[in-house]
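User: I'm new to reading protein models and keep tripping over the labels. Can we go through some of them together?

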Amino acid sequence: MTPTLLLAPMEGLLDATLRDVLTRTGGVDRCVSEFIRVTDTLLPERAFVRVVPELLNGGRTRAGVPVRPQLLGSDPVCLAENAARLASLSPFGVDLNFGCPAKTVNRSRGGAVLLDEPELIGRIVSAVRRAVPAHLPVSAKMRLGYGDDAVAEDCARAIAEAGADELVIHARTKAHGYRPPAYWERIAEVKAALPAGRHLPVVANGEVWTVDQARRCLDVTGCDALMIGRGMVTDPGLALAIKTEGAVPWSQIPPLLATFWIQVSARVDRRHRAGRLKQWLNYLRKRYPEAQTAFDALRESNDPAHVDAWLAHHAPQPHQLPGENPAGRLPQAAISVPQAEIAVAC
């Protein structure tokens, strides 16, 4: 069976721009957006569009891949109200974040810290499920726990019993961070503990960098779907390789870099643009020796003109989709993005 492959969110890195570029290589079935933080306010529509500009493109990336917006918060009523407003924008469902390990998020009672409160997680999912039209799926992403994995099964059962349509499990606790290994066998145990009377699709996430790791993760967890984040940022052809056993050679990467740069230049402050490209190259150099050469060539400069000149020489033709204007991009307001942030895979 060909697995379903989801592109994970990575706050501060894997945003709409990189989603657009990575889904052009093929193999990705659905994306989940970076989280939209919900506190005590009913957000205006523009707040959702700011994070998920694909909402202005039928909810899909330019390559046609559906994007599911993700909400983060701890108040069931406020999350439900915002989910209802988000639903009015016709997204491909609503996702809930119970996995983000960032300290700033956890201090404000968001993300993985809620994994110590299975009952609250259940109330959040239930409230959002009631607020969202039945035809729109409600999914959730969790880690195995906060400090330990003692209540992982309780959290998963709460999510299932509250009516979720899908559950993504990152096979580490918040305390584990991103240190290898990922505990895939615990996903299998949590999956086995779900209520027998209601089928809840479970998606495995964590430490999938290669085709072989993808196959082993599917085998160990018993899942038929994977969510991949850093592995796809490092190897843009990974999803396609998992499905077709092919690969994306370096010759196909520079045009993607050019496409990425065009979009970054349109939405990021001038002083931060070079940093965004170097941030992605820093991942790519783990897979492609040529990316190390590119990174070294651009390392010392933050001048967009230097990047323009380098790309003009090494990637003169950006990657275009059929019928796409060379400078085309999703409609979106100009956004000033602070690039000093550390990327966090939530």
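User: Why is S90 called exposed?

Analyst: Keep in mind that this is a predicted model. A residue counts as exposed when its relative accessible area is over 50%. S90 has 52%, so S90 is exposed. You'll find S90 in the loop between α3 and β4.

User: What makes the phi of S90 worth a mention?

Analyst: Its sign. Phi of S90 is near 60°, a positive value, and S90 is a residue other than glycine. R109 has a positive phi too, about 60°, and R109 is not a glycine either.

User: And why is R109 called partly exposed?

Analyst: Buried means under 20% and exposed means over 50%, with partly exposed in between. R109 comes out at 37% relative accessibility, so R109 counts as partly exposed. R109 sits in the loop between α4 (103-107) and α5.

User: How do you know that the length of helix α3 agrees with what is expected?

Analyst: Take 1.5 Å times one less than the number of residues. For the twelve residues of α3 (residues 76-87) that should give a span of 16 Å, and the end C-alpha atoms are 16 Å apart, so the two agree.

User: Which residues of α3 are buried, and what do they pack against?

Analyst: The buried ones are P76, C78, L79, A80, N82, A83, L86 and A87. They pack against α2 (45-51), β3 (67-72), β4 (94-98) and α5 (118-131).

User: What reaches the backbone nitrogen of V77 at the start of α3?

Analyst: A side-chain oxygen of D75, which comes to within 2.9 Å of that nitrogen. The cut-off for a polar contact is 3.5 Å.

User: Why is α12 called oblique to α14?

Analyst: The axes of α12 (residues 270-284) and α14 (residues 304-314) come within 9 Å and cross at roughly 45°. That angle makes α12 oblique to α14, because under 35 degrees would be roughly parallel and 65 to 115 roughly perpendicular.

User: Which residues meet there, and what classes do they belong to?

Analyst: From α12 you have R270, R273, A274 and L277, and they meet P304, A305 and V307 in α14. By class, the contact has five nonpolar, no polar and two charged residues.

User: One last thing: where is there a cis peptide bond?

Analyst: Between P180 and P181, with omega at about 5°. P181 lies in the loop between β6 (166-170) and α7 (184-192).

Methods: Residues are numbered from 1 along each chain as its sequence is written. This is a predicted model: local features need pLDDT of at least 70, side-chain atom pairs count only at pLDDT 80 or more; totals for chains, interfaces and linings use all residues. Side-chain values use heavy atoms; hydrogens and water are left out. Helices (H or I, at least four residues) and strands (E, at least two) are DSSP runs, numbered from the N terminus. Buried means under 20% relative accessible area, exposed over 50%, partly exposed in between (1.4 Å probe, protein chains only). Contact means heavy atoms within 4.5 Å. A polar contact is a pair of N or O atoms within 3.5 Å; within protein, one must be able to donate a hydrogen and the other to accept it, and residues adjacent in sequence count only if both atoms are side-chain atoms. Axes are lines fitted to C-alpha atoms, for helices over the stretch in contact, and angles run from 0 to 180 degrees between N-to-C directions. Angles under 35 degrees count as roughly parallel, over 145 as roughly antiparallel, 65 to 115 as roughly perpendicular and the rest as oblique. Ala, Val, Leu, Ile, Met, Phe, Trp, Tyr, Cys and Pro count as nonpolar, Asp, Glu, Lys and Arg as charged, and the others, Gly among them, as polar.
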